[in-house]
Amino acid sequence: MGMIPARFDYRQAGSVAEALQLLVSCDDAKLLAGGHSLVPLMKMRLVSPATLIDISGIAELQGVADTGSVLRVGALTRHRVVERSQVVAQHVPLLAHVAGLVGDPQVRNRGTIGGSLVHGDPAADLPSVALATGATMIVTGPAGERRITAADFFVDFLETAVGPDEILTAIEFPKRTGAGFGYEKFVRRSMDYAIVGVAVQAGEQPGIALVNMGSVPRRAEAASQALASGAAVDAVAALAADGTNPPEDLNANADYRRHLASVLTKRALLAAGYR
Amino acid sequence: MSTIETHTTRVTVTVNGREVSEEVEPRTLLVHFLREQARLTGTHVGCDTSNCGACTVLIDGEAAKSCTVLAVQANGHKVTTVEGVGNGSGGFSPVQEGFRQEHGLQCGYCTPGMIMACTALLTENPKPNEHEIREALEGNLCRCTGYETIVRAVQWAATNGGAGEWA
């Protein structure tokens, strides 16, 4: 028979306003977008919400818009769309590149950028892009809209700053047109979560962010500052794991992860054009 | 005796061109809807954790892992299973024939998912290079072939008619 989720009530929201209303009126509700983080957790009964509010049909949360200085990506935009978007490839190439490395083609056809970010998994790819590029999360709740920087967004393991009555509606990425970038992901099988990953955004406000180097997605702060002040590649890479508390599991112990973080940071810096 | 209150919802999916409409619990997974409501058992449950790809079907023409999609999420959409590949009268599609010609299977458990992922690939990219084929199949695990013969099966299909017909 296989694994199936616990029972829940299914509701559909046709607009953000309707979804917000349902979040208030339904007990213990979770939002369902592409379902590629939530459904696996529900099948393993790690979460068993009483109500699922399906927001996947909300048109206003889909697609990529060029608003001048930033790209505004709707939270429901699927990885496949981000991966193939010409405007993303031109203005935030790190995002287009990494979107094409999430999971596998089937996962990218269904999973959404907003779903991946609110899941807050430290081993996921896209939080590192938001952190390295200095993205801003647009969150809507009963009191209106608020803006949260990526640095303040990831709070704890699988926990973000989005409140229980709020919805992540869009992500704004500052344009990085023409700037170099690098993403290095160390895996044993191509579809796996990164054992360690590193995202580098070059340009005026450079950033380095780490994947799976602690309980939350995080920037490599010391390395990012060294990069901004013009330090050499090896010196920046040596700082990559500074201040991290990497997890230990069957793939790697903490020391090995720190080593990987430095090696991958150097590779990502070189890919981004630093010498 | 206690009664468990069960809410059901109507799910209507066009499966291989045929409308299937059933009252199911919202927690019903698409793969179970296909196997138990539509009675199409070609779609396999493998790992049940969105890793192995044995349950791959097309939703509106795009490959998806049906163990990780709720049936309600496919409501109103078009789903193609391995039974919908080929000409409908038992004739193989070029992808299926490629797996036969190049021995792209041993035990066959992964094959329906492989056929669907390859069909999606060739529909979108009729002449993929080897790298593109391997990338397109990264979400489908095979424990028998070592993938070499599967890659050759896709190459065979690409030069002998492509994705072929599917409903």
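Trainee: How many residues does the contact between chain A and chain B take from chain B?
Mentor: In this predicted model, the contact draws on both chains, and chain A gives 22 residues to it. On the side of chain B that touches chain A, the largest share, four residues, comes from β4(B). Counted over chain B as a whole, the contact takes 24 residues.

Trainee: How many charged residues has the side of chain B that touches chain A?
Mentor: Sorting that side by class gives nine nonpolar residues and nine polar ones. The remaining class on this side of chain B, the charged one, has six residues.

Trainee: Which strands of the open sheet in chain A stand at the edges?
Mentor: Five strands form this sheet, in the order β4-β5-β10-β6-β7, with antiparallel pairing. Neighbouring strands of the sheet are turned by 25° against each other on average, with direction ignored. A strand at an edge has a single partner strand, so one of its sides is left without a neighbour in the sheet, and in chain A this holds for β4 (64-66) and β7 (144-149).

Trainee: Which residue of β7(A) is the bridge partner of A:V139?
Mentor: Strand β6 of chain A covers residues 136-141, and six bridges join it to β7(A), the two running antiparallel. Within that pairing, the partner of A:V139 in β7(A) is A:R146.

Trainee: At about what angle does helix α1 of chain A run to β10(A)?
Mentor: Helix α1, residues 16-25 of chain A, lies across two strands, β6 and β10 (167-174) of chain A. Relative to β10(A), the helix runs at about 130°.

Trainee: How far apart are the end C-alpha atoms of helix α3 of chain B?
Mentor: This helix has 14 residues, 111-124, and at 1.5 Å a residue they should span 20 Å. The distance in the model agrees with that expectation, because the end C-alpha atoms are apart by 20 Å.

Trainee: How many of the 14 residues of α3(B) are buried?
Mentor: What covers the buried residues of α3(B) includes the strands β3 (56-59) and β4 (62-65) and the helices α2 (94-101), α4 (130-136) and α5 (148-159), which belong to chain B. Among the buried residues are B:T111, B:G113 and B:L122. The helix is mostly covered, and its buried residues number 12.

Trainee: Which element gives the most to the largest nonpolar core?
Mentor: In soluble globular proteins, nonpolar side chains tend to be buried together. The largest nonpolar core here holds 133 residues, and A:L95 is one of the five that touch the most other members. Eight residues of this core come from the element that gives the most, α3(B).

Note on methods
Residues are numbered from 1 along each chain as its sequence is written. Chains are lettered from A and ligands numbered from 1 in the order in which they are written. This is a predicted model: local features need pLDDT of at least 70, side-chain atom pairs count only at pLDDT 80 or more; totals for chains, interfaces and linings use all residues. Two strands pair if DSSP finds at least two bridges between them. Axes are lines fitted to C-alpha atoms, for helices over the stretch in contact, and angles run from 0 to 180 degrees between N-to-C directions. Two residues are in contact if their C-beta atoms, placed from the backbone, lie within 7 Å. The expected span of a helix is 1.5 Å times one less than its number of residues. A residue is buried if 20 or more other C-beta atoms lie within 10 Å of its own, exposed if 12 or fewer, and partly exposed in between; C-beta atoms are placed from the backbone. A nonpolar core is a set of buried Ala, Val, Leu, Ile, Met, Phe, Trp, Tyr and Cys residues joined through C-beta atoms within 7 Å. Ala, Val, Leu, Ile, Met, Phe, Trp, Tyr, Cys and Pro count as nonpolar, Asp, Glu, Lys and Arg as charged, and the others, Gly among them, as polar.
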